[in-house]
Amino acid sequence: MSRYIHRALETVLPGVSRQYPVLLLTGPRQTGKTTLLRHIREPGRNYVSLDSLPVRGLAREDPALFLQKYSPPVIIDEIQYAPELLPSIKMACDSTDAKGLFWLTGSQQFRLMRGVTESLAGRAAIVTLNGLSGREINGRTSSGGPFLPVPPGFWTPGAILEEPTLFERVFRGSYPALAADLSMDAGLYYDSYVRTYLERDLRELSQVGDLETFFTFLRVAAARTGTVLNLSDMARDCAVSVPTIKRWISILVAGSLVYLLRPWHSNRSSRLIKSPKLYFLDTGLCSRLAGYSTPETLAAGPLRGGIFETWCVSEILKSWWYALREPPVYYYRDRDGTEIDLVFEADGTLYPVEIKLGAGPKKDWIRSFRALKNLNLPVGPGAALCLARDSLPLDRETTAVPAGWI
């Protein structure tokens, strides 16, 4: 029996809607966009889905008549199927000072974003909904804000994730259908998701001719989550050109399936690595693409550390995105090999974070933090995210924090 899981954006979106005539909620398929908007809609707001072919035909052929029949305030689901509606929506917005007229959802972000930027510039608030955060799964949507290692209170005590529980969570991923119905087979879900996504979205958007080669690319990318992006190596492994890999990566980024974490750099230092790190935003999809069939095989596999790091980064990003803020986060690596998993830069101060798949915090984990002192910038408190059962100071400035508390 599935259940509704409350989302952090529930308390945020009504306020956004009061500021703009159009609210566009976008993101990957099956992250709960429609469910969220229908859950928070006020009485009197209509709902229509362009998944219906007759409705879609009306929207494309006679947008004015469509908006007469489905007049605002209205939710229009899957707006990417009828971009012909956008000019009429613009006209409706320009004819009144009213806010919150149109709530739109969409998944095919290339075409959708192009149409929105051309037709609804200045009229639409664009919000991305990814998968569930750990806070949402645990019913803690009101606790904590964007993650930043500034005590006191930068974390809120939450779930204790020991290895078996952790890898069950990581393997199952963040899609609402799997979290709401624990009897659903995760492997079957992700296999179906990949096929549907390829057939309905990616093939159309990117004109992928050879689906098998593209699927090989997805598996190659999944095996590299948490690593510095190397286009040449990926091109060699997929037997395609570097420009093709670059284009395919951009599709995954635009579809909110992967995130490119930029390296921190400053004109003060020319010895820093300049390539981004690649992270999948859903560890269930990543694990399945990487070839893992159970949480146990994932926990024993060579990618266990990289996928745990991916899970932590995804949770941190969601804590910012679901507060409608862009995370000021980077990674640090210099040419001497010194590496810090995450570095936040806020108000001119650097805050380092290390991610370790271990339950016994060690001071050695944070030795690389010393490298920041050579950058002539203020360095604030740091954190080591791990599987400890409670928070523990590692030195005067750094705290070991259970990853489940993010």
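Helix and strand axes here are lines fitted to C-alpha atoms, and the angle between two of them runs from 0 to 180 degrees between N-to-C directions. With that in hand, welcome to this predicted model.

## A sheet and the helix across it

Let us start with the helix that the angle describes. Helix α16 lies across four strands, β9, β10, β11 (349–355) and β12 (382–386), and runs at about 5° to β10. These strands belong to an open sheet of six, in the order β9-β10-β11-β12-β14-β13, and the pairing is mixed. At the edges sit β9 (329–333) and β13 (392–393), each of which pairs on one side only.

You can follow one of these pairings in detail. Strand β9 meets β10 (residues 339–346) in the antiparallel sense, over four bridges. Across that pairing, Arg-333 stands opposite Glu-339 in β10.

## Aromatic pairs

Next come the rings. The structure holds twelve aromatic pairs. In one of them, the rings of Tyr-175 and Tyr-190 have centres 6.0 Å apart and planes at 70°, so this pair is edge-to-face. Tyr-175 sits in the loop between α8 (163–172) and α9 (176–180), while Tyr-190 belongs to helix α10 (residues 186–206); the pair links distant parts of the chain, 15 residues apart. Are these two tyrosines buried or exposed? Both Tyr-175 and Tyr-190 are buried. They also have company: Tyr-175, Tyr-189, Tyr-190 and Tyr-193 form one aromatic cluster.

Tyr-259 and Trp-321 make another edge-to-face pair, at 5.7 Å centre to centre and with 65° between the planes. Here we meet helix α16 again: Trp-321 lies in α16 (residues 304–321) and Tyr-259 in strand β7 (residues 258–261), so the pair ties together parts 62 residues apart in sequence. Tyr-259 and Trp-321 are both buried.

Some rings have a charged neighbour over the face. Arg-38 lies over the face of Tyr-47, at 4.0 Å from the ring centre. Arg-45 does likewise with Trp-103, at 3.8 Å from the ring centre.

## Salt bridges

Side chains of opposite charge can pair when their charged atoms come close. This structure holds 14 salt bridges, and the table shows some of them.

| Acidic residue | Basic residue | Closest N and O atoms |
|---|---|---|
| Glu-136 | Arg-7 | 3.1 Å |
| Glu-42 | Arg-45 | 3.0 Å |
| Asp-191 | Arg-288 | 2.9 Å |

What does the salt bridge of Asp-191 and Arg-288 tie together? Asp-191 lies in helix α10 and Arg-288 in helix α14 (residues 283–289), so the pair joins parts that are 97 residues apart in sequence. Asp-191 counts as partly exposed because its relative accessibility is 28%, within the band from 20% to 50%. Arg-288, at 25% relative accessibility, is partly exposed too.

Turn now to the pair of Glu-136 and Arg-7, whose closest N and O atoms are 3.1 Å apart. Glu-136 is in helix α7 (residues 134–137) and Arg-7 in the segment before α1 (13–17), so this salt bridge ties together parts 129 residues apart in sequence. Both Glu-136 and Arg-7 are buried.

In the remaining pair of the table, Arg-45 is the arginine that also lies over the face of Trp-103. Arg-45 is buried, with a relative accessible area of 5%, whereas its salt-bridge partner Glu-42 is partly exposed at 32% relative accessibility. Elsewhere, Arg-224, Asp-233, Arg-236 and Asp-237 are linked in a network of salt bridges.

## Backbone details

Finally, a look at the backbone. Most residues other than glycine have a negative phi, and most peptide bonds are trans. Against that background, some places in this model are worth a look.

The peptide bond from Pro-72 to Pro-73 is cis, with omega near 5°. Pro-73 lies in the loop between α4 (63–69) and β3 (74–77).

Glu-78 is not a glycine, yet it has a positive phi of about 65°. This residue is found in the loop between β3 and α5 (85–94). Glu-78 counts as buried because its relative accessibility is 10%, and the cut-off for buried is under 20%.

Asn-376, also not a glycine, has a positive phi of about 60°. The loop between β11 and β12 holds Asn-376, which brings us back to strands of the sheet. Is Asn-376 buried or exposed? With 66% relative accessibility, Asn-376 counts as exposed.

Technical notes:
Residues are numbered from 1 along each chain as its sequence is written. This is a predicted model: local features need pLDDT of at least 70, side-chain atom pairs count only at pLDDT 80 or more; totals for chains, interfaces and linings use all residues. Side-chain values use heavy atoms; hydrogens and water are left out. Rings of Phe, Tyr and Trp (its six-membered ring) pair if their centres lie within 6.5 Å; planes under 30 degrees apart count as stacked, over 60 as edge-to-face and the rest as tilted. Helices (H or I, at least four residues) and strands (E, at least two) are DSSP runs, numbered from the N terminus. Buried means under 20% relative accessible area, exposed over 50%, partly exposed in between (1.4 Å probe, protein chains only). A charge sits over a ring if NZ of Lys or CZ of Arg is within 6 Å of the ring centre and within 35 degrees of the ring normal. Two strands pair if DSSP finds at least two bridges between them. Contact means heavy atoms within 4.5 Å. A salt bridge is a side-chain nitrogen of Lys or Arg within 4 Å of a carboxyl oxygen of Asp or Glu.
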